[in-house]
Amino acid sequence: MNRDDLTGASNALRQLAVLVRLGFPLNEGLKAMSSEASPWLGEVGRHMDSGDTLAQAMARQPRLFSPFFGGMIEAAQNSPDTDKILDSLSRWLENADSLRRRVGQCLLYPMMVLVVLLLLLGVTFLVPLPEVIRLLVEALYPGGWQTRLLSLLLSLCPLAALVFL
């Protein structure tokens, strides 16, 4: 569920809790809200009109509602404190969104460090390493065309490694 869907679902649940607190049945409250709320709410209302319960209608939209969430809605339907449970679910969605944003913020720095590290490794393989390999080959194996061939092949290894990364 993206951030807008989470915010919309949280607001819708809060409004539905208020309507239930005022004495509206769940499906009537949902119909009253669907005209001004998001499209998923209208879809849930249509499924409820065809005979589904709220939990079943929400289960038909797995992209928006997890099985846990559907189970909580089903518990809310069967409880005398439906409004309180809907309000709690609204707060739960807000907390889940807040946690998701904080985790994303916490992962930003390690991802930046990883990118910089990979760039530095790439520069290390492309710039000084071929020259160091050439110097080592010439120092360890002085000679003719075989040494130059070995030096050339070894200097191409970092480029091959970079291609496979």
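Biologist: Which helix gives the most to the lining of the largest cavity?

Modeller: A cavity is a set of points, on a 1 Å grid over the protein atoms alone, where a 1.4 Å probe fits but cannot get out, and its lining residues have an atom within 4 Å of a point. By that reckoning the lining of the largest cavity consists of Ala12, Leu13, Leu16, Leu30, Met33, Trp40, Leu41 and Met58. Helix 1, helix 2 (26-34) and helix 3 each supply at least two residues of this lining, and with three residues the element that gives the most is helix 1.

Biologist: What pLDDT does the protein average?

Modeller: This is a predicted model, in which local features need pLDDT of at least 70 and side-chain atom pairs count only at pLDDT 80 or more, whereas totals for chains, interfaces and linings use all residues. Residues are numbered from 1 along each chain as its sequence is written, and side-chain values use heavy atoms, with hydrogens and water left out. Since pLDDT is the predictor's confidence in each residue, from 0 to 100, it is useful that 82% of the residues score at least 70. The protein averages a pLDDT of 79.

Biologist: Which element has the lowest mean pLDDT?

Modeller: Elements here are DSSP runs numbered from the N terminus, with helices (H or I) of at least four residues and strands (E) of at least two, and the secondary structure of the protein comes to eight helices and zero strands. The highest mean pLDDT among these elements, 89, belongs to helix 6 (residues 82-126). Where pLDDT is low, the predicted coordinates should not be read in detail. The lowest mean pLDDT, 65, is that of helix 8.

Biologist: What is the volume of the largest cavity?

Modeller: Grid points are joined across faces, edges and corners, and a volume is the space filled by probe spheres set on the points. The count comes to one cavity of 30 Å³ or more. Its volume is about 30 Å³.

Biologist: Which residue forms a salt bridge with Asp87 at 3.5 Å, linking distant parts of the chain?

Modeller: Side chains of opposite charge can pair when their charged atoms come close. A salt bridge is counted when a side-chain nitrogen of Lys or Arg lies within 4 Å of a carboxyl oxygen of Asp or Glu, and Asp87 forms one with Arg14, the closest N and O atoms being 3.5 Å apart. The pair connects helix 6, which holds Asp87, to helix 1 (residues 3-21), across 73 residues of the chain. The partner, partly exposed at a relative accessible area of 30%, is Arg14.

Biologist: Which residue of helix 6 also pairs with Asp87, at 3.2 Å?

Modeller: This partner lies four residues from Asp87, about one turn of the helix, and both residues are in helix 6. The partner counts as partly exposed at 39% relative accessibility. The salt bridge, with its closest N and O atoms 3.2 Å apart, joins Asp87 to Arg91.

Biologist: Is Asp97 buried or exposed?

Modeller: Asp97 meets Arg101 in a salt bridge of 3.5 Å, N to O, the two being four residues apart in helix 6 and so separated by about one helical turn. Buried means under 20% relative accessible area, exposed over 50% and partly exposed in between, with a 1.4 Å probe and protein chains only. Arg101 is therefore partly exposed at 40%, whereas Asp97, with a relative accessible area of 7%, is buried.

Biologist: Salt bridges that share partners join which residues into one network?

Modeller: Asp97 and Arg101 are four residues apart in helix 6. Salt bridges that share partners form one network, made of Arg14, Asp87, Arg91 and Glu94.

Biologist: Which residue makes a polar contact of 2.6 Å with the side chain of Asp52?

Modeller: Asp52 sits in the loop between helix 3 (39-49) and helix 4 (54-59), and at 15% relative accessibility this residue counts as buried. Leaving aside residues up to four places away in sequence, Asp52 touches His47, Ala57 and Arg60, where contact means heavy atoms within 4.5 Å. A polar contact is a pair of N or O atoms within 3.5 Å; within protein, one must be able to donate a hydrogen and the other to accept it, and residues adjacent in sequence count only if both atoms are side-chain atoms. The side chain that makes the 2.6 Å contact is that of Arg60.

Biologist: Which residues does Trp92 touch, not counting those up to four places away in sequence?

Modeller: Trp92 has its place in helix 6 and is partly exposed, with a relative accessible area of 35%. Its C-alpha atom is separated by 8.4 Å from that of Ser10, 82 residues away along the chain. The residues that Trp92 touches are Phe68 and Phe69.

Notes:
On a 1 Å grid over the protein atoms alone, a cavity is a set of points where a 1.4 Å probe fits but cannot get out, and a pocket is an open set with protein on both sides within 12 Å along at least five of seven lines; lining residues have an atom within 4 Å of a point.
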